[in-house]
Amino acid sequence: MEAQQASPESSSEECTVLEALPGKGTALICTQHKGKVSALYCLACENPVCVDCINGEHAEHPTDSLENIVDQHLAALQDRVDSAKNRLPQIREAVQCLRDILQQLNSQRSSIEEDIHSSFSELHKTLDTRKSVLLMELEVTYGLKQKVLQAQLDTLLQEEAAINYNCGLTGQALDGGNKAVILQTHKDVGERLSDLASQGLPLQPEENDQLDLMMEIEGLRKSIHNLGTIVTTNAVASQSEASGDGLEQCVVGQPASVVITTRDKSGGLCKTGNAIISAEVCTPDGSVADGEIVDLKNGTYEFQYTVKKEGNFSLALRLYDQHIKGSPFQLKVTSSPDDSSPTTTAANAASTGSSDGGARKRSAKSPGSRSRQKGVRRGGSLFSTPKKKVNPIEDDLIFRIGTKGRNKGEFTNLQGVAACSEGKILIADSNNQCVQIFSNTGEFQSRFGVRGRSPGQLQRPTGVAVHPNGDIIIADYDNKWVSIFSSEGKYKAKLGSGRLLGPKGVSVDQNGHVIVVDNKACTVFIFQPSGKLVTKFGSRGNGDRQFAGPHFAAVNNNNEIIITDFHNHSVKVFNADGEFLLKFGSNGEGNGQFNAPTGVAVDVNGNIIVADWGNSRIQVFDGSGSFLSYINTAADPLYGPQGLALTSDGHVVVADSGNHCFKVYRYLQ
């Protein structure tokens with residue numbers, strides 16, 4: 001039988017192939033000596049050979065039984081297969097690890113992408129809000145100046161017309177030469193001409209034409225250009241290491257420290273901070289002694305800790321939730337520096353591969369800024385990446401209700417808020433053209449309102465109040481009237497039609513009269529529920545009895561009316577007849593200052609609670625306007641708060657318009 005052709009890569013020494021012999025099963029047949037079976041193995045050439053080969057060219061080579069060699073190779077191959085298979089669990093674990101990291105990386109990317117969109121959306125809203133404020137301030141400022149100049153112009157034109165008219169009459173009498181006419185003209189017009197000639201006139205401008213805009217655009221552009229940064233490192237736990245005296249020993253009650261040096265996959269030093277490092281000092285009973293991690297901002301991190309009792313401890317150092325090189329370390333805590341044992345040092349030196357016994361000197365600290373984080377392990381899976389931070393600040397918030405939308409419990413530009421003694425909270429949902437009603441605990445109860453411009457319909461509800469008889473009173477800005485509904489939401493009547501230009505806020509006084517704040521007319525109207533006008537007061541301007549875009553109203557136990565004057569950045573108090581009593585506030589961010597106040601309420605003690613729209617906060621004043629305190633809103637900040645009220649159980653409810661929700665806060669009266 002012909003031998004198979006050897007491959008081009010085969011050794012020149014190769015002389016046999018595997019071939020079946022009739023009746024002999026599978027055997028190795030020598031290609032050099034046909035019909036001869038290779039029963040031996042040349043150890044020098046590492047090839048099977050036959051007897052004739054040994055008597056020939058392989059005569060001087062050591063040989064062994066082919067069967068023995070095959071058995072040895074079989075055992076060796078099996079060992080290698082077993083060794084290779086033993087790697088599979090490690091590979092599977094590493095694959096799962098990488099999949100987890102990739103999943104977390106993808107999740108973190110999505111989260112950051114959402115944060116970027118959200119942050120820039122908030123910036124757009126802030127810019128749009130500021131744009132609206134500037135435009136409104138421009139209109140107010142222009143209106144005040146134009147009003148002064150126009151009044152002066154009208155006065156001078158009237159005087160000019162009077163002089164021309166009287167001079168014309170006198171000229172006609174003089175030209176006629178009739179003595180009787182001249183005498184009568186002198187009698188009728190002469191004194192008038194003398195008054196006109198001597199009357200003091202406002203000949204000098206009483207206002208100027210300055211309207212300038214100051215915008216620090218360049219600085220803002222630079223800030224925006226550098227706004228935000230994507231933070232990461234290339235550090236890996238398998239290459240990162242720790243050093244320092246605190247790695248193997250410390251003294252009870254005395255601070256100890258360890259320096260963690262982060263490295264990339266190739267062992268190169270990482271030179272930036274912000275890696276997620278965690279550390280644990282585990283006591284023998286399993287408890288954890290917390291320490292503090294200091295980011296030195298140069299790729300190294302210092303773990304500072306103090307242990308309060310003696311014993312053998314475990315020090316675990318993790319980078320991105322994975323143990324760094326040598327972790328966990330054996331830590332011996334002694335009562336004095338002289339009690340340290342060399343055993344721990346040697347063990348940690350072996351685990352870290354340190355040639356100096358692991359007792360390396362503490363590295364120098366970076367001269368840059370130092371960022372501190374708690375030295376405890378983060379929650380989550382072993383391979384988790386940083387999550388969004390949960391603000392740990394405890395504030396006065398009890399609950400918040402709502403998101404942006406058009407369904408029950410959702411809002412689009414909520415404005416006015418009211419509360420009643422029956423334990424209900426009413427929200428004027430402006431852009432959804434309805435009023436939504438909730439319990440004091442935030443449970444949705446009902447809503448009513450149909451969009452339209454006919455009586456009984458709502459076009460832009462901005463203010464809401466509850467009459468003592470249970471009726472619901474709604475200011476409709478775009479329909480330019482106030483609608484009255486029953487407590488069940490059935491339309492009853494409207495008032496102010498033909499008088500109001502842009503009603504914003506409504507309230508009810510001690511007499512049951514309806515107080516309407518007309519934002520556009522800068523006037524406060526007081527109506528009987530029947531619609532009869534009781535009185536009105538206010539005009540556009542910055543005087544005590546004037547307003548610039550007033551928003552909401554509240555009434556105290558003395559039946560005094562409190563108005564938030566939006567563009568004059570103040571709160572003004574009037575009696576029931578509209579006589580000015582006092583005002584407080586100025587433009588700014590300090591205590592007692594406002595950046596466009598909106599919602600207002602009064603507690604049983606006469607203290608005044610004000611929503612500070614531009615500063616996104618709630619301030620509390622006494623009845624005389626002296627600043628008392630803030631309501632703590634730090635953990636879940638407000639964004640452009642509008643209407644505000646006190647619930648029947650004594651809490652403050654505010655329309656957080658920019659966040660499309662209402663919030664209820666604790667309030668101690």
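A crossing of two helices is called left-handed if the near helix is turned anticlockwise from the far one by less than a right angle, and right-handed if it is turned clockwise. With that in hand, the crossing of α2 and α3 in this predicted model turns out to be left-handed. Two packed helices are described by the angle between their axes and the distance between the axes. Here, helix α2 covers residues 66–176 and helix α3 covers residues 179–198; they pack at an angle of about 155 degrees, and their axes are 10 Å apart. Angles over 145 degrees count as roughly antiparallel, so α2 and α3 fall into that group. On the α2 side, the contact is made by Glu159, Ala162, Ile163, Asn166, Cys167, Leu169, Thr170 and Ala173. From α3 come Val181, Ile182, Thr185, Val189, Arg192, Leu193 and Leu196. Sorted by class, the contact of α2 with α3 has 10 nonpolar residues, alongside three polar and two charged ones.

Stepping back from this pair, the protein chain as a whole has five helices and 40 strands. It runs to 669 residues, and buried residues make up 41% of them. What share of the contacts between residues at least 6 apart in sequence joins residues at least 24 apart? The figure for the protein chain is 52%.

Several residues give a feel for how stretches far along the chain come together. Take Gln415, which has its place in strand β18, residues 414–420. Is Gln415 buried or exposed? Its relative accessible area is 5%, and buried means under 20%, so Gln415 counts as buried. Gln415 and Lys504 are 89 residues apart in sequence, yet their C-alpha atoms sit 9.0 Å apart in space. The side chains of Gln415 and Lys504 are also joined by a polar contact of 2.3 Å. Leaving out residues up to four places away in sequence, Gln415 touches Lys504 along with Ala428, Ser430, Pro461, Thr462, Phe552, Gln642, Gly643, Ala655 and Ser657.

His569 is another buried residue, with a relative accessibility of 8%. Its place is in the loop between β31 (561–565) and β32 (570–574). A polar atom of the His569 side chain lies 3.1 Å from the backbone nitrogen of Ala596. Ala596 also turns up among the residues that His569 touches, once those up to four places away in sequence are set aside. The others on that list are Glu137, Gly585, Ser586, Asn587, Phe594, Asn595 and Pro597.

Two loop residues give a contrasting picture of accessibility. Asp577 lies in the loop between β32 and β33 (580–584), and with a relative accessible area of 58% it is exposed. The C-alpha atoms of Asp577 and Phe537 are separated by 8.5 Å, although these residues are 40 apart along the chain. Asn605, in turn, lies in the loop between β34 (597–602) and β35. Its relative accessibility is 51%, and exposed means over 50%, so Asn605 counts as exposed. Asn605 pairs up in a similar way with Asn556: the two are 49 residues apart in sequence and 8.9 Å apart in space, C-alpha to C-alpha.

The backbone has a few quirks of its own, and these too are found in loops. Which residues does a cis peptide bond join? They are Ser327 and Pro328, and omega there is about 0 degrees. Pro328 is found in the loop between β14 (322–323) and β15 (329–334). Then there is Asn274, whose phi is near 80 degrees, a positive value in a residue other than glycine. Asn274 lies in the loop between β8 (256–263) and β9 (277–282), and at 39% relative accessibility it counts as partly exposed. Ser616 is also a residue other than glycine with a positive phi, in this case near 50 degrees. The loop that holds Ser616 runs between β35 (608–612) and β36 (617–621).

Technical notes. Residues are numbered from 1 along each chain as its sequence is written. This is a predicted model: local features need pLDDT of at least 70, side-chain atom pairs count only at pLDDT 80 or more; totals for chains, interfaces and linings use all residues. Side-chain values use heavy atoms; hydrogens and water are left out. Axes are lines fitted to C-alpha atoms, for helices over the stretch in contact, and angles run from 0 to 180 degrees between N-to-C directions. Helices (H or I, at least four residues) and strands (E, at least two) are DSSP runs, numbered from the N terminus. Angles under 35 degrees count as roughly parallel, over 145 as roughly antiparallel, 65 to 115 as roughly perpendicular and the rest as oblique. Contact means heavy atoms within 4.5 Å. Ala, Val, Leu, Ile, Met, Phe, Trp, Tyr, Cys and Pro count as nonpolar, Asp, Glu, Lys and Arg as charged, and the others, Gly among them, as polar. Buried means under 20% relative accessible area, exposed over 50%, partly exposed in between (1.4 Å probe, protein chains only). A polar contact is a pair of N or O atoms within 3.5 Å; within protein, one must be able to donate a hydrogen and the other to accept it, and residues adjacent in sequence count only if both atoms are side-chain atoms.
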